[in-house]
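Biologist: Can you walk me through this one? I'd like the main features, in plain words.

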Amino acid sequence: MPDADETAITSGISHALDQLVTLCTQPGDVVLVESPTYHLAVRILRDRPLKLIAIPGGPGGPDPAALSELIASLKRQGERPSLLYSVPTFNNPTGLCWSDDVRRAVVALAEHERILIVEDDAYRELSYDGEAPPSLWHIAPSGVVARLGSFSKSLAPGMRVGWITAGRDLIARIRTCGVMDSGGGPNQLAAMTVAAYCEDGAFEPQVARFREAYRARRDALMSALAAHLPAGWQARMPAGGFFVWVRLPAGMSSEALLPVAEAAGMSFVPGRRFFCDSRNGDDALRLAFTLYSPAQLETAAVRLAQAMRRCVSDAEERSG
Ligand SMILES: Cc1ncc(COP(=O)(O)O)c(C=O)c1O
């Protein structure tokens, strides 16, 4: 558990990330970004004149050896990254959880290189197959990680209440920076409402209900994909969070598939939106399952399968 002086209340993760970028970067700084990643975090980072550089990925998360080499090559060019943005637990969009080895290696590297890891932990509370792995903040020495948490996924996005857990110096700077000093903090009414809800003991049972419902929806979607999609696709069973990341059969483009799928009555976010370099990711798409009933998810899988078959037959017709 963090101490009170290691935590600051924010208006959600989006606000916290913007705040960290304000306080911890200079124009022109290099920021390392896990890839693929939460596309709207990239929007927040792109509001500043920063150089975003994608971290090379491996099967258990970023590849620590490739990351180390990337940092070394940046240093040879006179660049020192100031931040590393990541979603290591139930990633948006992939659902991936970094392995324990990767967590420890990335933390050790960041500590050695004095890079602040921004750990976006939006989905930690929504784990479906046992406990979520320990956060990077939990395993790192003080000052290496700023962990961003939120009630958006575990309670209600409209509350706009979240928090940062970080080293005491950084938390003191966040609490006393101009925008917090001027307003006395983010939205006090919303924060006190969430605090009263938690003190009443209502939060834990609500999260347990979400977990149960979302686990059933995840399972329904995965079974429906297995039953209906044409051969050649791949997806990992996400152990938590909101999303299934589907790798399409060879040669299929998610951008080309989208209008066909929407005409059939379902939608998804094409993979390219989650990469800093939009030349990547066209072979994948993100499905969100938490808002829909198992029956709706089955219908969506049937429609996606129809759209995929249509794309294949259109391509065959074009090639004669
Ligand atoms: C990884 C991730 N971070 C942050 C957010 C937004 O969080 P908040 O509503 O707390 O700003 C989302 C919402 O989709 C998300 O997926």
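**Strands, ligand and odd backbone spots**

Modeller: Let's begin with β2, which is covered on both faces: V30, L32 and E34 are buried on one side, and V31 and V33 are buried on the other. Keep in mind that this is a predicted model.

Biologist: How many of the residues of β2 are buried?

Modeller: Five of the five, over residues 30–34. So β2 is largely enclosed by the rest of the structure.

Biologist: Which strand does β2 pair with over five bridges?

Modeller: That is β3, residues 51–55, and the two run in the parallel sense. One bridge to look at joins V31 to L52 in β3.

Biologist: Switching to helices. What should α1 span, at 1.5 Å a residue?

Modeller: Helix α1 has 12 residues, 13–24, so the expected span is 16 Å. Its end C-alpha atoms are 16 Å apart, which agrees.

Biologist: And which residues of α1 are buried?

Modeller: I13, A16, L17, Q19, L20, V21 and L23. Here is a handy rule for reading such a list. An α-helix has 3.6 residues a turn, so residues three or four places apart point the same way.

Biologist: Now the ligand. Which residues are around it?

Modeller: They are G12, I13, S14, Y38, N92, D120, A122, Y123, S150, S152, K153 and R160. I13 is also on the buried list for α1.

Biologist: What classes are in that shell?

Modeller: Four residues are nonpolar, five are polar and three are charged.

Biologist: Which side chains have an N or O atom by a ligand oxygen?

Modeller: Here are three to check. An N or O atom in the side chain of Y123 is 2.5 Å from a ligand oxygen atom. For the side chain of S150, the distance is 2.6 Å. For the side chain of K153, it is 2.7 Å.

Biologist: How much of the ligand does the protein bury?

Modeller: Taken alone, the ligand exposes 400 Å², and the protein buries 92% of that.

Biologist: What about unusual backbone spots?

Modeller: Some background helps. Most residues other than glycine have a negative phi, and most peptide bonds are trans. Now two bonds here. The peptide bond from S35 to P36 is cis, with omega near 0°. The bond joining N92 and P93 is also cis, with omega about 20°.

Biologist: Where do P36 and P93 lie?

Modeller: P36 lies in the loop between β2 and α2, which covers 39–46. P93 lies in the loop between β6 (83–86) and α4 (100–113). N92, on the other side of that second bond, is one of the residues around the ligand.

Biologist: Which residues other than glycine have a positive phi?

Modeller: F90 is one of them, with phi of about 55°. F90 is found in the loop between β6 and α4. R114 is another, with phi near 55°. R114 sits in the loop between α4 and β7 (116–120).

Biologist: F90 first. Buried or exposed?

Modeller: F90 counts as buried, because its relative accessibility is 2%. R114 counts as exposed, because its value is 63%.

Biologist: Last topic. In what order do the strands of the open sheet come?

Modeller: The order is β10-β11-β13-β12, four strands with antiparallel pairing. β10 (234–235) and β12 (269–270) stand at the edges, each with a single partner strand, so one side of each has no neighbour in the sheet.

Biologist: How many bridges link β10 and β11?

Modeller: Two, in the antiparallel sense. A235 stands opposite V246 in β11.

Key:
Residues numbered from 1 in each chain as written. Predicted model: local features only at pLDDT ≥ 70, side-chain atom pairs only at ≥ 80, totals over all residues. Heavy atoms only, no water. Near = heavy atom within 4 Å. Polar contact = N/O pair within 3.5 Å; in protein donor to acceptor, adjacent residues only side chain to side chain. Areas by Shrake-Rupley, 256 points an atom, 1.4 Å probe, with all protein chains shown as cover. Nonpolar A, V, L, I, M, F, W, Y, C, P; charged D, E, K, R; others polar. Expected span 1.5 Å × (residues − 1). Buried < 20%, exposed > 50% of the residue type's maximum accessible area, 1.4 Å probe, protein only. Pairing = 2+ DSSP bridges.
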